Each structure stands twice: as C-alpha cells, then as structure tokens.
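Q: Please take a close look at one part of this structure, following the side chains step by step and saying where each of them sits. A connected account would be more useful to me than a list.

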Amino acid sequence: RIFVVDDESSIGNIITTHINDMGHRAEYYTSAREAISAAQTEQPDIMLIDINMPDMNGLELLKFARENFNNMHCVLITGKYDSEQVVTALRSGAYDVLYKPLNLEQLSLVLERIGHEVKNQFKTEALKRGVPIYDFSDIIGDSQAMERAKSVTAKVAGSSANTILIRGETGTGKEVFARALHNNSPRRD
C-alpha cells in the first residue's frame with residue numbers, strides 16, 4: 001500500500017496511475033493532513049511525499065511518519081535541488097529523494113528496492129519465529145505453464161479477492177501455491 005502525497009494534482013495523479021499499473025495499490029492525497037488521517041485507519045507501507053506543500057511540508061510529514069508508523073518507507077520528491085533539504089531528509093530517515101520532473105523508471109526502481117527490502121525483512125522475522133517461508137520463487141518448475149501459473153497467482157495475491165479456488169491433481173503443488181498466495185497477500189498478518 002503506497003500513499004502519494006503531493007499538492008500538485010497533475011503530478012500526483014500520474015504517479016498514482018503509474019504505481020497502480022505496476023501492480024501496487026496506490027492512493028493519492030493532496031495534503032499531508034489527509035494522508036495522516038488515512039494512515040491512522042490503515043498504515044501504508046510506503047509514502048511518496050512532495051517536500052514543498054502548503055499545509056505541512058514534506059520534511060514535517062516525514063518526521064511525523066517516522067515517529068508514528070513502524071517500518072514505513074518514505075521517499076521524498078522535490079522540484080528544486082536544495083542540498084540542505086536533501087541532507088536533512090536523508091538524515092531524518094527518508095529512503096531516497098527523487099527530483100521533478102519525475103522519471104517514472106527511476107521511481108519504479110526505488111519501489112522495487114523497497115519491495116525487496118520489505119520482503120527480506122519479512123522473511124528474516126518469520127525465520128526468527130520459526131515460521132516456514134513460502135514464496136513464488138520457491139516453487140519448483142520452469143515450464144511455460146508453471147511460469148504462467150506463478151505469475152497469475154502472484155497477481156491474485158496482491159488483489160482484494162476474498163476467496164480463491166486452487167484445483168489440480170494430487171501432488172501438483174496446490175498447498176505450496178496456497179501458502180505462497182497467503183504469505184504474499186496484504187492480509188497475511
């Protein structure tokens with residue numbers, strides 16, 4: 001779950017659409033206060049924050065997010081290069097700082113890096129608790145049909161589907177797919 005917080009709706013809508021097209025769930029807010037209010041209900045995993053906003057600037061929102069939400073990654077976005085702001089943002093816990101006009105490919109790479117870190121952190125915590133890890137990369141098989149099955153199942157895991165039916169012959173890996181599906185679902189906890 002990703003919050004995009006930017007007072008410029010044209011930029012915010014482009015970023016949100018791009019993130020949703022990547023397969024993530026992005027929500028757009030025009031002010032820091034709106035984002036804070038929404039985060040109280042359901043905490044996002046990532047916040048993309050414009051530094052220069054009228055109601056509460058991005059550095060203040062970053063500070064609030066770091067103090068009040070566990071394990072949230074914040075990426076700041078700025079229209080002008082100000083080395084002092086960038087240093088302050090990174091020292092305050094920003095994961096990265098991106099510049100406008102925003103390069104969507106660069107944004108995708110940053111989100112992928114965060115995703116890998118979150119996934120590794122989740123696996124490490126689960127292993128410490130003695131919980132076995134099931135991931136789509138753990139499913140053995142490299143045929144075209146198996147790759148398609150893994151791809152479709154990974155997409156379903158990120159969806160809001162409540163009921164999923166997995167069918168197949170005995171010994172084909174239905175339970176492995178079910179565990180990978182569960183562990184990669186936003187409702188896994």
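A: Glutamate 8 is a good place to begin: in this predicted model, the relative accessibility of glutamate 8 is 37%, so the residue counts as partly exposed, a class that runs between the limits of 20% and 50%. Its carboxylate forms a salt bridge with lysine 100, in which the closest N and O atoms are 3.2 Å apart. This pair joins distant parts of the chain, since glutamate 8 belongs to the loop between E1 and helix H1 (9-21), whereas lysine 100 belongs to the loop between strand E5 (96-99) and helix H5 (104-128), 92 residues apart. Lysine 100, at a relative accessibility of 16%, counts as buried, because the limit for that class is under 20%.

Lysine 100 has another partner, aspartate 50, and their side chains meet in a salt bridge with an N to O distance of 3.4 Å. Here lysine 100 lies in the loop between E5 and H5 while aspartate 50 lies in strand E3, so this pair ties together parts that are 50 residues apart in sequence. Both lysine 100 and aspartate 50 are buried.

The search of the whole structure returns ten salt bridges, and another of them joins glutamate 42 and arginine 25, with 2.9 Å from N to O. Glutamate 42 sits in the loop between H2 and E3, and arginine 25 in the loop between H1 and E2, so that this contact connects parts 17 residues apart in sequence. Glutamate 42 is partly exposed at a relative accessible area of 39%, and arginine 25, at 41%, is likewise partly exposed. These two residues also belong to a network of salt bridges that links Arg1, Arg25, Glu27 and Glu42.

Just before glutamate 42 in the chain comes helix H2 (residues 32-41), in which Ala32, Ala35, Ile36, Ala38 and Ala39 are buried. These residues cover an arc of only 170° around the axis, and therefore lie on the same side of H2. Such a pattern fits the general geometry, as an α-helix has 3.6 residues a turn, so residues three or four places apart point the same way. On the other side of H2, by contrast, Gln40 and Thr41 are exposed. The buried residues of H2 pack against three strands, E1 (2-5), E2 (26-29) and E3 (46-50), and against helix H3 (58-68).

The aromatic side chains complete this part of the picture, and the search of the whole structure finds two aromatic pairs. In one of them, the rings of phenylalanine 3 and tyrosine 29 have centres 4.7 Å apart and planes at 55°, so the pair is tilted. Phenylalanine 3 is in strand E1 and tyrosine 29 in strand E2, so this pair, too, links distant parts of the chain, 26 residues apart, and the two strands named here are among those packed against by H2. Phenylalanine 3 is buried, with a relative accessible area of 0%, and tyrosine 29, at 13%, also counts as buried. Phenylalanine 64 and phenylalanine 69 form an edge-to-face pair, with 6.0 Å from centre to centre and 70° between the planes. Of these, phenylalanine 64 counts as partly exposed at 23% relative accessibility, while phenylalanine 69 counts as buried at 8%.

Notes:
Residues are numbered from 1 along each chain as its sequence is written. This is a predicted model: local features need pLDDT of at least 70, side-chain atom pairs count only at pLDDT 80 or more; totals for chains, interfaces and linings use all residues. Side-chain values use heavy atoms; hydrogens and water are left out. Buried means under 20% relative accessible area, exposed over 50%, partly exposed in between (1.4 Å probe, protein chains only). Helices (H or I, at least four residues) and strands (E, at least two) are DSSP runs, numbered from the N terminus. The arc is that of the directions from the helix axis to the C-beta atoms. Contact means heavy atoms within 4.5 Å. A salt bridge is a side-chain nitrogen of Lys or Arg within 4 Å of a carboxyl oxygen of Asp or Glu. Rings of Phe, Tyr and Trp (its six-membered ring) pair if their centres lie within 6.5 Å; planes under 30 degrees apart count as stacked, over 60 as edge-to-face and the rest as tilted.
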